[in-house]
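Welcome to this structure. Here are a few notes to read alongside it, mostly about charged side chains and where they sit.

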Amino acid sequence: MSLHFFSLAQLEILCKQLYETTETGVRLQAEKALVEFTNSPDCLSKCQLLLERGSSSYSQLLAATCLSKLVSRTNNPLPLEQRIDIRNYVLNYLATRPKLAEFVTQALIQLYSRITKLGWFDCQKDDYVFRNVIADVTRFLQVQTVEHCIIGVTILSQLTNEINQADTSHPLTKHRKIASSFRDSSLFDIFTLSCNLLKQVCASGKNLNLNDESQHGLLMQLLKLSHNCLNYDFIGTSTDESSDDLCTVQIPTSWRSAFLDSSTLQLFFDLYHSIPPSLSPLVLSCLVQIASVRRSLFNNAERAKFLSHLVDGVKRILENPQSLSDPNNYHEFCRLLARLKSNYQLGELVKVENYPEVIRLIANFTVTSLQHWEFAPNSVHYLLSLWQRLAASVPYVKATEPHLLETYTPEVTKAYITSRLESVCIILRDGLEDPLDDAGLVQQQLDQLSTIGRCEYEKTCALLVQLFDQSAQTYQELLQSTNSSTIDITVQEGRLTWLVYIIGAVIGGRVSFASTDEQDAMDGELVCRVLQLMNLTDSRLAQAGNERLELAMLSFFEQFRKIYIGDQVQKSSKLYRRLSEVLGLNDETMVLSIFIGKIITNLKYWGQCEPITSKTLQLLNDLSIGYPFAKLVKLSAVQFMLNNHTSEHFSFLGVNNQSNLSDMRCRTTFYTALGRLLMVDLGEDEDQFEQFMLPLTAAFEAVAQMFSTNTFNEQEAKRTLVGLVRDLRGIAFAFNAKTSFMMLFDWIYPAYMPILQRAIELWYHVPACTTPVLKLMAELVHNRSQRLQFDVSSPNGILLFRETSKMITTYGNRILTIGEVPKDQMYSVKLKGVSVCFSMLKAVLSGNYVNFGVFRLYGDDALDNALQTFVKLLLSIPHSDLLDYPKLSQSFYSLLEVLTQDHMNFIASLEPHVVMYILSSISEGLTALDTMVCTGCCSSLDHIATYLFKQVTSPSKRPVAMATDERFLHIMQQHPEMIQQMLSTVLNIIIFEDCRNQWSMSRPLLGLILLNEKYFADLRNSIVNSQPPEKQQAMHLCFENLMEGIERNLLTKNRDRFTQNLSVFRREVNDSMKNSSYGVNTNDMMS
């Protein structure tokens, strides 16, 4: 029974079941029925009846939600008159029922906002009917009740938020046009209105009763409105909130008056001091945005005056810090302090009248905050970012006024270091969460401290030496004592962990042009102490070790490597002199031997600890790249690794039943480093290569032996094989020279290739096995640095492609049989393997070592099999997934680019539904956020357009090719809208969006225009006519100039001319449309 025959009573029962029941089955049934209701023909009238006669708030909520879906749909949209009626009805409904349930009011305001946004450019009798926003709201504000005022302010707040947010169902270009028009026509008036209302609140001070829930609610909505106005995306940059400290608010020049008038800034500071702490975080959020106004809004004198008022306000808060005990207030205030330096220069800050007092107050506030490390730990980032920026500016400040940072920065450094050390004991005593376990947070704070600590570095070093010596001496005494407690040892290890991290950070903060011999000598003092501690801890590893301390050591070694190991470092550095005096390390080679010794020790004792193993191997990998590797190879410890890379010496290479298959990733890193080190002296020495490969040969033989019997230990076989292929992938990646890579190729082919094929056949449904095998094959066929160059008499290129084709076909045909996969497992079980197959096929097709013409010539179906498998895999993936998973989209679009370039005959021979799938995937990829995907789509589209143009202008004379060519042409002629839509999309991006790859976009555009000259003319006319009358002539001229001198061919010279014209066209169009709230009504173009 279709739901549009249901009565209101039945709908109300469904609402109750949806929102109130605790039984999942009943709720799902109700949800299914209500989805059907939303799609029913009389949904609109039933929604109105629910609003008028519904007995519960839930039925009103359902009506508002359904209406929002109706007005938002892109296919079969509601007529303009109906949308105007809904808008007016909602406003009247809200005005006559001010005391609805809050969630119902919110849903109705959301509905009003959605109608207004989507209809922003809709005209009725030359009137933009949805733009009378302030007039609509004034009705609510003029009524004396607080409830009506709250509704009015919430409408403006929600509308501002709605227009500011892009939604996925409508094109970004349309969103930006609406957002820009709203910004130019209404936003400043809304902001001014919110400030005036807030001023009234301030003026009524004593009469305002903020204990009254409705008055409290009104003030909160006003502050939200102000914040939404200031947080608006004024120029379409869509700033990422994670880069919070880099944010500049791009206030339009027309708003200057509001910011030159100090009363706006003063208003928010006054509000902060006069309203309850529960509301003041919103005030501080507004102040953060005001403090971030773009510098170019002011001239120098205006900026100095504005900054002076801002600093005065901050000083007043610091002098009365009571409200900062609220964590939300504290967090927002820390953000405000950070903006003082991100938006203003130190030279400007020191000229502010109260600067000495303010910097003292900020320093005291920072020190107190750091000492109370357990309070709001996520806010410390902003304080450290302020001091980091201040310290970094010291060498560049030209002002004569003192900056006083030499006084206060050491206090901040000391507070950070001592507070971290003091926290260790408390965390252990109270069982609190250890900040050292949050590696990302620790690293972020250390990066900031590295700059702060280098300011007045002598004081930092003296403090670190003193604290380190105290802790190290206590630690040594505890270890030597027979009756010391474990907790005391753990405390000292925790303190030493922080100190080693901090020493690594301050050494990493060394800037070559600003450092002195004295500072290098100080670095030497610190390094000596860490290396002495390492000797002590390493000597105890057989009995016990501390994982956190080891990770700190690795962080220290990484910083030390970056600064003091390499050809840029003066070997006469005072650091090396100090290492020689204290530890007898006379040169860089001896220091490198310490590095390698530590790496081997870690791999020996910490092989089962994944974090330490992976970081140790990363250090080895970093050492194997670049300058020192030639020296490394001569070290006996490195020769030991090259000759003994077995599980006997390195436990992480072992195959044990406890470890997870995915934990073997670090083996690839290990063998990449070993491969690089082996290549230094390998040359053409096949015996040395064979010797190095012995453990891997033994592993392959073991797997072959298992596969040859019917019954074998499957888990052991999987672990051995996965470890082996990860090792080989590391070696294959490192061998990027022809000589060494050919040795590897001859070793693996043909002897061991069948084992890899057998593994795919057996375990295709186990991604932990198949993904490493597929990735190895993708690496083997990748012609990196032209390493795959076979002799003219060698068939190896063709044989390698046959193996690739066989693996893709085997995996592809089997993975398609696994049936339904849950959405959350789709990528790991299926799409990841498919993505690697696409990468593999792309690498082999573009590797330039196979002549693909010979396959058809000799009746070999290897190429056809691989390409047909590609099609089957592609058709099994929904369009949305192609763009939802970045690695899949990159591998697919780069493969498609190669296919359209070199195998267009194959694309042309595909069934119509496959061709349409490929074209629609290109169409969607053109608007992808990933520039690499977008560029690949442009290139593929260019190849297709060029192919089509050739068929249209000079039909093939070859009878064999005629059928395929004509068929493809016929498909395109049956579906002209596909190519036309892509023409519209490309032109749209070039004209209206921030086109980051203009050259790539220009290449297919000429072919598309020449294939669709009539459609292009219509599109041009609709764009010209959508401009204001005074701009139409200029826009028409832009299009005329675009095609000036362009001939009707796709020769390179003609294309280059068009690309130049397009560059001028885009610049002129942008100039023409500036300061114009242009309204394009061509929905077919925008959507």
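**Notes on charges and pairings**

1. Let us start with one residue: Asp-860 has a relative accessibility of 18% and so counts as buried (buried means under 20% relative accessible area, exposed over 50%, partly exposed in between, with a 1.4 Å probe and protein chains only). Please keep in mind that this is a predicted model, where local features need pLDDT of at least 70 and side-chain atom pairs count only at pLDDT 80 or more, while totals for chains, interfaces and linings use all residues. Residues are numbered from 1 along each chain as its sequence is written, and side-chain values use heavy atoms, leaving out hydrogens and water.

2. What does Asp-860 form a salt bridge with? The partner is Arg-802, with the closest N and O atoms 2.8 Å apart (a salt bridge is a side-chain nitrogen of Lys or Arg within 4 Å of a carboxyl oxygen of Asp or Glu). This pair links distant parts of the chain, 58 residues apart: Arg-802 is in helix 36 (residues 796-815), and Asp-860 is in the loop between helix 38 (853-857) and helix 39 (862-875). Helices are DSSP runs of H or I with at least four residues, and strands are runs of E with at least two, numbered from the N terminus. Arg-802 is partly exposed, at 43% relative accessibility.

3. Glu-348 is worth a look too. It forms a salt bridge with Arg-295, where the closest N and O atoms are 2.9 Å apart. Glu-348 lies in helix 16 (residues 346-349) and Arg-295 in the loop between helix 13 (280-291) and helix 14 (300-319), so the pair ties together parts that are 53 residues apart in sequence. Glu-348 is partly exposed at 21%, and Arg-295 is partly exposed at 26%.

4. Glu-348 also meets Arg-303 in a salt bridge, at 3.2 Å from N to O. Here helix 16 is linked with helix 14, the two residues being 45 apart. Arg-303 is buried, with a relative accessible area of 8%.

5. For the wider picture, the structure holds 38 salt bridges. Asp-469, Glu-525, Arg-529, Arg-578 and Glu-581 are linked in a network of them.

6. Finally, the UniProt record, an unreviewed entry, annotates residues 30-96 as "domain: Importin N-terminal"; such annotations may be inferred rather than shown by experiment. That span is 79% helix and 0% strand, and its end C-alpha atoms lie 31 Å apart.
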